[in-house]
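Reader: I would like a close look at a single part of this model, with the reasoning spelled out. Please keep it plain.

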Amino acid sequence: MADNRCKLCLVRDIAEKADIYEMVKRTRAMLSDADRAPDELYEKRLGVCTECDGLLAGTCQKCGCYVEIRAAAKAAHCPISRW
Ligand code: SF4
């Protein structure tokens with residue numbers, strides 16, 4: 001069986017992590033409008049993560065978070081200040 005995991009993928013891009021992506025979406029939806037990062041900012045942050053050596057199949061190796069959850073909160077920041 002081929003290993004199709006991608007080091008620089010987000011969980012939304014990994015079929016085997018569909019259940020985790022559902023949790024990511026629920027978590028993001030639970031944030032208030034005031035606390036949730038706007039879509040443009042969210043995608044900009046995730047774009048930085050997908051070009052970062054710290055990303056490992058959706059998880060940030062610097063902090064252990066799923067980056068799609070970390071990036072969802074407006075006040076959140078990258079642990080090494082990339083965003
Ligand atoms: S949160 Fe920061 S350190 Fe972690 S993967 Fe994203 S850019 Fe890299």
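Which elements cover the buried residues of helix α2?

Author: This is a predicted model. The cover over the buried residues of α2 includes α1 (18–30), β1 (55–56) and α3 (67–70). Helix α2 itself spans residues 39–49, and its buried residues are Tyr42, Arg45, Leu46 and Cys49. These four lie on the same side of α2, because the arc they cover around the axis is only 95 degrees. The general rule behind such a pattern is that an α-helix has 3.6 residues a turn, so residues three or four places apart point the same way. Glu40 and Lys44 are exposed, and they sit on the face of α2 turned away from its buried side.

One of the covering elements, β1, leads on to a backbone detail. The loop between β1 and β2 (59–60) holds Ala57. Ala57 is not a glycine, yet its phi is positive, at about 50 degrees. Most residues other than glycine have a negative phi. Ala57 counts as buried because its relative accessibility is 10%, and the cut-off for buried is under 20%.

Another covering element, α3, is followed by a segment in which Ser81 is found. Ser81 also is a residue other than glycine with a positive phi, here near 60 degrees. Its relative accessible area is 64%, so Ser81 is exposed; the cut-off for that is over 50%. Of these two residues with positive phi, then, Ala57 is buried and Ser81 is exposed.

Notes:
Residues are numbered from 1 along each chain as its sequence is written. This is a predicted model: local features need pLDDT of at least 70, side-chain atom pairs count only at pLDDT 80 or more; totals for chains, interfaces and linings use all residues. Side-chain values use heavy atoms; hydrogens and water are left out. Buried means under 20% relative accessible area, exposed over 50%, partly exposed in between (1.4 Å probe, protein chains only). Helices (H or I, at least four residues) and strands (E, at least two) are DSSP runs, numbered from the N terminus. The arc is that of the directions from the helix axis to the C-beta atoms. Contact means heavy atoms within 4.5 Å.
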